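Here is a friendly walk through one protein model. Have a look at it first, and then we'll go through some of its parts together.

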Amino acid sequence: MFHVKHGLDQLVARYDLPPGSREQLSVLLEALTEDPHAPTTIRDPKQALKDHLADSLVALEFEVVRRAGAIADLGAGAGLPGLPLAIARPEASVTLVESNGRKAEFIARTAEACGLDNVNVVAERVEEWTAGAAACDLITARALAPLAVVAEYAAPLLQIGGTLVAWRGRRDPEDEAEGARAAAELGLLVGDPVRVEPYVAAVNRHLQPVLKISATPDRFPRRPGMARKRPLGGAPRPSSDRRRR
């Protein structure tokens with residue numbers, strides 16, 4: 001039988017997490033499953049450990065995630081993957097950008113409960129976060145939007161040589177093609193999606209790396225809402241990748 005304590009120990013061992021991280025992950029898991037204001041529908045601790053914590057920490061399989069110094073998590077929602085990565089990378093500065101005030105408050109409260117002093121919460125639309133312009137070497141985005149939209153959000157925030165890592169579900173050739181066309185306008189280069197297995201028997205989990213190779217044109221970011229209303233790379237279509245909030 002799967003036990004949460006054993007699952008936390010497995011995560012710490014799998015990613016060689018720093019001292020104290022197990023206790024911090026436990027506090028985070030408790031907040032996600034027991035705080036009535038937690039912006040997630042997953043309340044079972046065993047499922048939350050898999051679909052929230054393990055699914056966030058699997059990004060540590062990328063070297064760029066393990067060495068990034070300035071990380072921004074866009075559309076952070078319940079603080080995922082930003083808070084687990086802040087626990088795993090205490091030497092990194094992690095900014096969680098979430099425009100919904102109540103969600104941002106939950107993230108800030110939970111970060112404090114976890115004892116995280118490397119976390120900053122920004123309650124703004126990502127297009128309006130001017131302090132983040134060209135300031136990040138890693139952008140993360142989980143269950144946020146189609147790839148073309150996420151790429152447009154991330155491009156102005158990345159330093160040249162920085163990387164966007166986008167969590168994706170089942171591979172979607174149309175979404176990938178639109179993302180690649182958008183990237184070409186943004187100074188980005190889309191890499192091959194990488195299949196990951198955050199926990200045993202996980203299916204349709206991919207991480208999409210996108211590298212910033214040149215300066216993003218001055219016309220970006222566009223005003224709030226335009227990236228979704230008139231996405232680069234193709235016609236507007238609903239996101240099919242909003243999952244596991």
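Let's start where the first helix ends. H1 is followed by Asp 16, and the phi of Asp 16 is positive, near 50 degrees. Before going further, keep in mind that this is a predicted model. The pLDDT averages 94 over the protein, and 95% of the residues score at least 70. One stretch to treat apart is residues 239-245, where pLDDT stays under 50. For that stretch the model has 33 contacts beyond four places in sequence.

Back to helix H1, which spans residues 4-14. Which residues of H1 are buried? They are Gly 7, Leu 8, Leu 11 and Val 12. These four cover an arc of only 140 degrees around the axis, so they sit on the same side of H1. Turn to the face pointing away from that buried side, and you find the exposed residues Lys 5 and Ala 13. And what covers the buried residues of H1? The cover includes helix H2 (21-34) and helix H3 (45-57).

Helix H3 has a residue worth a stop of its own, His 52. Is His 52 buried or exposed? With a relative accessible area of 0%, His 52 is buried. The side chain of His 52 also has a partner: a polar contact of 2.8 Å joins it to the side chain of Thr 40.

Now for the strands. Here are three pairings, side by side.

| Strand pair | Direction | Bridges |
|---|---|---|
| S2 (residues 93-97) and S3 (residues 119-122) | parallel | 4 bridges |
| S1 (residues 70-74) and S4 | parallel | 4 bridges |
| S4 and S5 | parallel | 6 bridges |

Take S2 and S3 to begin with. Val 97 has Val 122 in S3 as its bridge partner. To get from S2 to S3, the chain crosses through helix H6 (residues 101-113), and this β-α-β crossover is right-handed.

Strand S4 (residues 136-142) has 6 of its 7 residues buried, so the rest of the structure largely encloses it. S4 appears in two rows of the table, once with S1 and once with S5. In the pairing with S1, Ile 71 stands opposite Leu 138 in S4. In the pairing with S5, Arg 142 has Trp 167 as its bridge partner. Which helix does the chain pass through on the way from S4 to S5? It passes through H7, in a β-α-β crossover that is right-handed.

That connecting helix, H7 (residues 147-154), is mostly covered, with 8 of its 8 residues buried. Among them are Leu 147, Val 150, Glu 152 and Tyr 153.

Strand S5 (residues 158-168) holds a residue that ties several of these pieces together, Ala 166. Ala 166 counts as buried, at 0% relative accessibility. Which residues does Ala 166 touch, leaving aside its neighbours within four places in sequence? The list is Ala 141, Leu 147, Val 150, His 206, Leu 207 and Gln 208. Two of those names, Leu 147 and Val 150, also belong to the buried residues of H7. Finally, look at Ala 166 beside Thr 140: they are 26 residues apart along the chain, yet their C-alpha atoms are separated by 5.8 Å.

Technical notes: Residues are numbered from 1 along each chain as its sequence is written. This is a predicted model: local features need pLDDT of at least 70, side-chain atom pairs count only at pLDDT 80 or more; totals for chains, interfaces and linings use all residues. Side-chain values use heavy atoms; hydrogens and water are left out. Buried means under 20% relative accessible area, exposed over 50%, partly exposed in between (1.4 Å probe, protein chains only). The arc is that of the directions from the helix axis to the C-beta atoms. Contact means heavy atoms within 4.5 Å. A polar contact is a pair of N or O atoms within 3.5 Å; within protein, one must be able to donate a hydrogen and the other to accept it, and residues adjacent in sequence count only if both atoms are side-chain atoms. Two strands pair if DSSP finds at least two bridges between them. A crossover is right-handed if, with the strands pointing away from the viewer, the path from the first strand over the helix to the second runs clockwise. pLDDT is the predictor's confidence in each residue, from 0 to 100.
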